[in-house]
Amino acid sequence: KQRARSLLERLRIENLILIRKADIRFGPGLNILTGETGAGKSAVLAAIRLLCGEKGDLQMLGDPSRPAVIEGEIRCSVLDPDLFSGEETCTLRREILPSGKTRAFCNDRLIAAAELKKLSQEIIEFADQNEARELLSPASQRVLLDQWAAIPAATFARSFALQQKMASDLARLKIEKEKAGLASQTAQEQIAEIEDVAWKEGEEEKLAEEHARLAKASEHLSILASVQSELAELALPSLLRKMATRLPIPEAASLLASASVEINEAERLLDAAAASEDADPLALEKIEERIARIEKLKRRFGKSYEEVDARLAALKSDLSTFEQLDERIAALEKEYGSLLEENQKTAADFSRCRKKEATLLQEAMQKELRTLHLPYARFEIAIEPKPLGADGCDAIRFLFSANQGQPLQPLEECASGGEQSRVFFAFKTVLAAKEERGSLVLDEIDSNVGGIAASILGEKLKELGKSRQIICITHFAQAAQHAHSHLLVEKTADAQTLIRSLTAAERQKEYIRMTGGRPFC
C-alpha cells in the first residue's frame, strides 16, 4: 500500500535575488524546473533552502530597501500530529529584513531559525552534487545501510553517549577519591577535636557565671585567711589580758579586758565566715581549664557556639561525601558495566542485521544500477569489525566496479562523477519506501550524465515520483520529458525572473530549446 507523504504545495517568493514576485505551485510526483543558465533557477532553490533554515544575508535582497519574504505551504497531515498541532496544512515563512536580521514563522507564529530547520527537515530533503559526493564518506555509507536495515542508530548513539559520560564521571570520581584521602583524614581529626570538647549550647554563659561566683568566693576566703593569719600571729587577746592584770588603773584595765573579749569575738566570726564561704579552688581550676578549651575551639573553628557547631556539621557532611565516594564509584561502575554490556550486545545485534541486510541491499543496488545503463556494474558492502563507537562496532565501506573485469574498489576511489550520480539515484530508488520525508529537492544532480543515461535517469526520477514529491532542476530534455509538472524559469526584459507552468505545447518548445533547436521525441 502506498504511504502518503508531506508535500510542498506552494512556494511564494518576494524580493529574493532576481525574483521580484513569484507564486509557484508544486504537485505530487516529478516537478521539473528548466531554463537558460542565469535565468534564476538557483534563486528558487535558494528560497527553499532559506525555508529550511539556511542562513540568509543582505546580498539576497533584490531591492535592499524592502524585506525578502519566502513562504511555503505544506500539506503535512501525514506527519506526526504533534509536530504541527494536528493541522492538515502548515505555512512556513522566512524573512530577510533590510537590517540584515532574519525572522522565521510557522503558521504566523514567530519561531527560532533552529526550530524552523527542525520542522523543515521533517518534510524536505535536499540533494545536489555535494550530497551525491557524500556517498564517498564511510559515515554516509553507514547511514544508508542503516536506513535500509531500519537500524535505530540515533537511539544507540544516545546510549553510547551516556556510556561515555559514565566513563568520564567514573574517572572524575576516582580522581576525587585520590584527592579526598588527605582531606578525609583532616576532617576526621577536626571532628574528633570538636567532639572531644563536647561544647554544649549555653554552656559558655553558665561557665562564665560560675567562674565569677567562685572567683569572688575565693577572693573573700583569701582575705579572711590573711586577717586570721595576722591575728593568730599577734595573739592579741592573751597579750591584752596580761596587760590588763598589770595596770594599776582600773578603768584602763577594764577597757583592755573588754578589747580582748571583742577580738576573740572577731576571730570567732572570721572562723565562721571562712567555714561558710563556698570557695572551691579545684572547681575553679576545672572551670578555667574548660573555658580555655572552648576558647581554643573558637580560635580555630568559629567565634561562637553556633559557628563551631555549623563547622562541625560541614565537616561531617564533607566526611560523609568522602565516605560515599566508594559507594558512588561502586554503583556507577556497576551501572556502567551493565550499559556497556547492553551496548555491546546491541552493537553485535546491529552487526548481524547489517551483514544480513547488506546482502539484500547489494542485490537491490545491483539491479538498479543495471537499469541505470551500467550493465556490468558490481556493488558490494564490506563490513569489518572496529572498536565500539557511537555507530556500533562495524566499519562499513561501499565497493564498486563499473566495468567488466575491473576489480572492486572503494567507491570513492573508482567512481566517476556520472557513476556517482547513478549510484546516488539507485540508492534514492531502493530507499524510497523507507524515507520518511515527502519532498526531495534535486539541484542538477544529473549534470555528470548525458545521452541514454540522462533519459534513464529521467525515467528513474518519474518512478521515484510515484512514492515521493520530486522538485528537480535539469538541463536535459531526456529527463524533463518525464515531468508530471514542468516549470519554466526565464528572465524578463527588465532582468527579473519569471516562473510559470508550461502547457503540453509549451513543453515541446522548451524541449527543442534544451536540445539546441532540434526537434525532440
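**Notebook: one predicted protein chain**

I began with the contacts in this predicted model, and I noted that, among contacts in the protein chain with a separation of 6 or more, 70% join residues 24 or more positions apart.

Next I looked up the secondary structure, and I found 15 helices and 15 strands in the protein chain. I then turned to the overall spread: the radius of gyration is 49 Å, well over the 24 Å that the globule rule gives for 521 residues, so the chain is more spread out than a compact globule. I also looked at the box that the C-alpha atoms fill, and along the principal axes it comes to roughly 175 × 60 × 40 Å.

My next entry is on the surface and the charges. The accessible surface of the protein chain is about 27700 Å², and carbon and sulfur atoms hold 53% of it, while buried residues make up 44% of the 521 residues. I counted side chains by charge and wrote down 72 positive and 83 negative ones, with the centres of the two sets 11 Å apart.

Then I went to the interior. I reminded myself that in soluble globular proteins nonpolar side chains tend to be buried together. In this chain the largest nonpolar core has 47 residues, and those with the most contacts inside it are Ile381, Phe400, Phe427 and Leu442. Helix H12, which covers residues 417-430, gives the largest share of this core, with six residues. I followed Ile381 further and, leaving out residues up to four places away in sequence, I found that it touches Leu145, Ala358, Leu361, Gln362, Ile396, Arg397 and Phe398. Apart from this core lies another one, of 42 residues, and I noted Ala43, Ala104, Leu116 and Leu119 among them.

I picked two single residues to finish. Is Glu125 buried or exposed? Glu125 sits in strand E8, residues 124-128, and its relative accessibility is 8%, which is under the 20% cut-off, so I entered Glu125 as buried. When I set aside its neighbours within four places in sequence, the contacts of Glu125 were Lys428, Glu435, Arg437, Ser439, Leu440, Val441 and Arg468.

The other residue was Thr155, which I found in helix H5, residues 153-197. Its relative accessibility is 45%, and because this falls between the 20% and 50% cut-offs, I wrote Thr155 down as partly exposed. My last entry is a distance along the chain: Thr155 and Lys165 are ten residues apart, and their C-alpha atoms are separated by 16 Å.

Technical notes: Residues are numbered from 1 along each chain as its sequence is written. This is a predicted model: local features need pLDDT of at least 70, side-chain atom pairs count only at pLDDT 80 or more; totals for chains, interfaces and linings use all residues. Side-chain values use heavy atoms; hydrogens and water are left out. Helices (H or I, at least four residues) and strands (E, at least two) are DSSP runs, numbered from the N terminus. The radius of gyration is taken over C-alpha atoms; the globule rule is 2.2 Å times the number of residues to the power 0.38. Buried means under 20% relative accessible area, exposed over 50%, partly exposed in between (1.4 Å probe, protein chains only). Contact means heavy atoms within 4.5 Å. Accessible areas come from the Shrake-Rupley method with a 1.4 Å probe; for residues, only the protein chains shown count as cover. Lys and Arg count as positive and Asp and Glu as negative; His and the chain ends are not counted. The place of a charge is taken as NZ of Lys, CZ of Arg, CG of Asp or CD of Glu. A nonpolar core is a set of buried Ala, Val, Leu, Ile, Met, Phe, Trp, Tyr and Cys residues joined through side-chain atoms within 4.5 Å.
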